[in-house]
Amino acid sequence: MTLRIGITGGGSTVDRIIDQAAEAESDGFTSLWYGGGGRGMDVLTVLPLVGRATSRIELGTAIVQTYPRHPILMAQQAATASHAMGGGRFTLGVGVSHRPVIEAIYGLSYDSNARHLHEYLTVLGA
């Protein structure tokens with residue numbers, strides 16, 4: 001049995017995020033997960049840079065919100081991130097977020113979030 005341990009990543013600057021990923025890889029962590037919501041940097045823009053600065057640690061999003069990002073754009077960004085990293089180290093996690101975020105910040109209805117996610121994944125997967 002192999003023990004795999006991942007941690008949550010983050011940082012206030014791109015350089016700090018890259019340095020943290022290199023440290024995590026050096027320390028033997030198997031994966032590093034980045035939140036994709038909130039008001040911070042765009043995780044799908046930063047992850048290709050992180051992937052270029054590391055060689056084996058798996059990198060993923062936990063989660064990127066679906067409501068504010070079109071699924072075709074999400075697919076294109078995820079494919080670019082994965083290609084930039086090479087080696088199949090990228091995992092895209094997506095989700096609908098939380099009612100207060102979607103309604104208060106984005107001004108969108110959260111009433112049909114299950115249907116939204118199903119339709120979103122149908123387009124994203126294609």
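1. Strands β3 and β4 are paired in the parallel sense, with two bridges between them. One residue pair can serve as a landmark when looking at the model, which is a predicted one: Gly 60 has Thr 91 of β4 as its bridge partner.

2. Strand β3 also pairs with β2. These two strands run parallel and are joined by five bridges. Here Tyr 34 has Thr 61 of β3 as its bridge partner. Strand β2 spans residues 31-36, β3 spans 58-65 and β4 spans 90-91.

3. The peptide bond between Ala 62 and Ile 63 deserves a check. The bond is cis, with omega at about 0°. Ile 63 belongs to strand β3. Most peptide bonds are trans.

4. A second backbone point concerns Ser 97, whose phi is positive, near 70°, although the residue is not glycine. Most residues other than glycine have a negative phi. Where is Ser 97 found? Ser 97 sits in the loop between β5 (94-95) and α4 (99-105). Ser 97 counts as buried because its relative accessibility is 14%, under the 20% cut-off.

5. Which residues of α2 are buried? They are Val 43, Leu 44, Val 46, Leu 47, Pro 48, Val 50 and Gly 51. The buried residues of this helix pack against α1, β2, β3, α3 and β4. Helix α2 thus has packing partners among both helices and strands, including the three strands treated in the opening points.

6. The packing of α2 on α1 can be described in more detail. Helix α1 covers residues 14-26 and helix α2 covers residues 43-53; their axes come within 9 Å and cross at roughly 40°. This angle lies between 35 and 65 degrees, so α1 and α2 are oblique to each other. Their crossing is right-handed. On the α1 side the contact is made by Val 14, Ile 17, Ile 18 and Ala 21, and on the α2 side by Val 46, Leu 49, Val 50 and Ala 53. By class, this contact of α1 with α2 has eight nonpolar residues, with no polar and no charged ones. An α-helix has 3.6 residues a turn, so residues three or four places apart point the same way. Val 46 and Val 50, which take part in this contact, are also among the buried residues of α2.

7. A further helix pair is α3 (residues 71-85) with α5 (residues 113-125). The axes of α3 and α5 come within 8 Å and cross at roughly 45°. That angle makes α3 oblique to α5. The crossing of α3 and α5 is right-handed. Helix α3 contributes Pro 71, Ile 72, Met 74 and Ala 75 to the contact, while α5 contributes Tyr 120, Val 123 and Leu 124. Sorted by class, the contact of α3 with α5 has seven nonpolar residues, no polar and no charged ones.

8. The last point is Ile 7, which is found in strand β1 (residues 6-9). Is Ile 7 buried, exposed or partly exposed? Its relative accessible area is 27%, so Ile 7 is partly exposed. Leaving aside neighbours within four places in sequence, Ile 7 is in contact with Ala 24, Phe 29, Ser 31, Leu 32 and Trp 33. Ile 18, one of the α1 residues in the contact with α2, is eleven residues from Ile 7 in sequence and 14 Å from it in space, C-alpha to C-alpha.

How values were computed
Residues numbered from 1 in each chain as written. Predicted model: local features only at pLDDT ≥ 70, side-chain atom pairs only at ≥ 80, totals over all residues. Heavy atoms only, no water. Axes fitted to C-alpha atoms, helices over the stretch in contact; angles between N-to-C directions. Helix = DSSP H or I, 4+ residues; strand = E, 2+ residues; numbered from the N terminus. Parallel < 35°, antiparallel > 145°, perpendicular 65-115°, else oblique. Left-handed = near helix turned anticlockwise from the far one by under 90°. Contact = heavy atoms within 4.5 Å. Nonpolar A, V, L, I, M, F, W, Y, C, P; charged D, E, K, R; others polar. Buried < 20%, exposed > 50% of the residue type's maximum accessible area, 1.4 Å probe, protein only. Pairing = 2+ DSSP bridges.
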